[in-house]
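Welcome! Open your viewer, get comfortable, and let us walk through this structure one selection at a time.

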Protein chains: 2
Amino acid sequence: MGFIAISLGESMDEQFIHAHAQSMLQKKASVHAAIARSSDERGIVLLVTGPGKGKSTSAFGMLYRALGHGMRTGLVQFITGTHTSGEITFLHQLGWMGQGAPAPVDYHAMATGCTWNSTDWSRDKQAADLAWQQALRMLGDDQLSLVVLDELSFMLKYRYLKVEQVVAAIAARPAGMSVVITGRDAPQELYALADTVSEIADVKHAFRQGVKAQPGVDY
Amino acid sequence: MGFIAISLGESMDEQFIHAHAQSMLQKKASVHAAIARSSDERGIVLLVTGPGKGKSTSAFGMLYRALGHGMRTGLVQFITGTHTSGEITFLHQLGWMGQGAPAPVDYHAMATGCTWNSTDWSRDKQAADLAWQQALRMLGDDQLSLVVLDELSFMLKYRYLKVEQVVAAIAARPAGMSVVITGRDAPQELYALADTVSEIADVKHAFRQGVKAQPGVDY
């Protein structure tokens with residue numbers, strides 16, 4: 001068929017363009033059918049895990065997305081780095097961060113900061129419990145459309161929080177609230193709980209090629 | 001050893017806490033050594049690909065991160081959905097979107113929108129060429145610290161742009177500029193060009209469980 005077409009003077013590009021149109025029509029039909037099948041409107045749980053770069057930035061992208069729709073959001077950072085992140089500075093500069101209403105971002109950062117700078121398990125456990133209390137408050141607030149629990153998986157890995165309490169609290173949230181959980185090495189219980197799971201593989205990282213962590217990219 | 005410790009009255013929790021402190025000390029040493037090895041400061045290329053959810057939100061998270069540091073940024077959206085995304089609305093509401101200086105976000109959205117709604121390859125090719133001209137302008141502007149080329153990989157897949165021209169333009173950018181490329185099915189040439197590659201696997205997706213695309217989560 002391809003050979004006959006060419007012998008009649010049709011160029012490869014024209015073949016590609018024709019095949020492209022056919023493929024797009026099929027794709028359109030399949031996408032529309034999938035959309036028709038997907039009619040539920042409810043808050044979902046999203047888990048963004050794996051070793052690759054992009055977990056927290058993805059969660060923050062969703063937070064800004066929700067803010068753009070005029071929604072109120074919640075954010076608990078269970079680990080904060082040694083640098084203040086630009087996306088946090090941005091919200092502070094807008095005056096949008098606060099504890100509870102009416103702040104567009106209900107915000108709590110765990111006190112001890114970067115866990116790999118800490119060897120004091122008991123002090124970190126206390127800070128984690130305080131952060132979890134704030135998370136619980138947000139998970140019970142039906143005025144929040146999206147709650148981000150950033151780096152939550154580390155709290156489970158280091159046994160600061162129990163996975164059963166975390167799963168139960170998220171499952172009992174208001175029906176319209178979506179929750180984003182980030183952090184590597186998420187336990188199976190979070191996979192089971194989540195409606196959407198994205199695993200980010202670390203195929204390549206600039207850090208391993210001698211590039212230091214930089215503002216605007218890494219924090 | 002574990003048994004002896006228990007027989008001396010040390011609880012499992014105390015063992016865990018001791019092991020945790022040792023593990024954290026080792027981790028701290030290894031992180032600090034890696035930081036000492038990584039001293040280059042230069043703009044990098046980040047590729048966020050794979051079928052999973054979170055590619056564009058991750059790129060937008062980095063854009064907001066850069067804005068929080070007071071950096072100017074560029075954004076070309078090669079595919080836009082049928083809904084206006086919250087993160088775009090947010091920037092419009094701030095009045096931060098524009099073409100060229102002094103807008104904090106130098107912005108261009110490709111004209112045809114959602115490619116799976118289009119079967120007209122030639123019209124899309126024209127729109128892609130126009131969008132690429134804007135991308136080229138941004139990639140030549142040394143006042144921009146971060147340029148996001150959102151869904152660029154589709155332009156290559158559908159042959160609207162040639163990978164050689166894309167790679168050459170990105171490689172020739174100012175030394176301090178970082179570039180984020182998103183989109184599934186990225187070609188090997190982009191893997192080779194990138195300093196950091198994150199591949200997002202689609203382990204689970206709410207859409208396949210009957211949940212429709214929702215504001216604040218999907219757009």
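Begin by selecting strand 7 of chain A together with strand 7 of chain B, residues 196-204. In this predicted model, the two strands run antiparallel to each other and are paired over seven bridges. For one of these bridges, pick A:Asp202 and look across to strand 7 of chain B, where B:Ser198 is its bridge partner.

Now widen the view to both chains. Which residues should you colour? On chain A, 84 residues are in contact with chain B, and on chain B, 83 residues are in contact with chain A. Together the two chains bury about 7,300 Å² between them, and 61% of that area lies on carbon and sulfur atoms.

Next, show the side chains of A:Arg65 and B:Glu87. They form a salt bridge, with the closest N and O atoms 2.8 Å apart. How many salt bridges cross the interface of chain A and chain B? The rule finds four. Polar contacts are worth displaying too: 45 residue pairs make them between chain A and chain B, counting pairs with both residues at pLDDT 80 or more.

To see where chain A's side of the interface comes from, select its elements one by one. Those giving two or more residues are helix 2 (12-37), helix 3 (55-68), helix 4 (86-94), helix 5 (121-139), helix 8 (188-193) and strand 7 (196-204). Linger on helix 2 of chain A, which provides the largest share, 14 residues. Finally, colour this side of chain A by class: 36 residues are nonpolar, 30 polar and 18 charged.

Methods:
Residues are numbered from 1 along each chain as its sequence is written. Chains are lettered from A and ligands numbered from 1 in the order in which they are written. This is a predicted model: local features need pLDDT of at least 70, side-chain atom pairs count only at pLDDT 80 or more; totals for chains, interfaces and linings use all residues. Side-chain values use heavy atoms; hydrogens and water are left out. Contact means heavy atoms within 4.5 Å. Buried area is the accessible area (1.4 Å probe) that two parts lose on being put together, summed over both. A polar contact is a pair of N or O atoms within 3.5 Å; within protein, one must be able to donate a hydrogen and the other to accept it, and residues adjacent in sequence count only if both atoms are side-chain atoms. Helices (H or I, at least four residues) and strands (E, at least two) are DSSP runs, numbered from the N terminus. Ala, Val, Leu, Ile, Met, Phe, Trp, Tyr, Cys and Pro count as nonpolar, Asp, Glu, Lys and Arg as charged, and the others, Gly among them, as polar. Two strands pair if DSSP finds at least two bridges between them.
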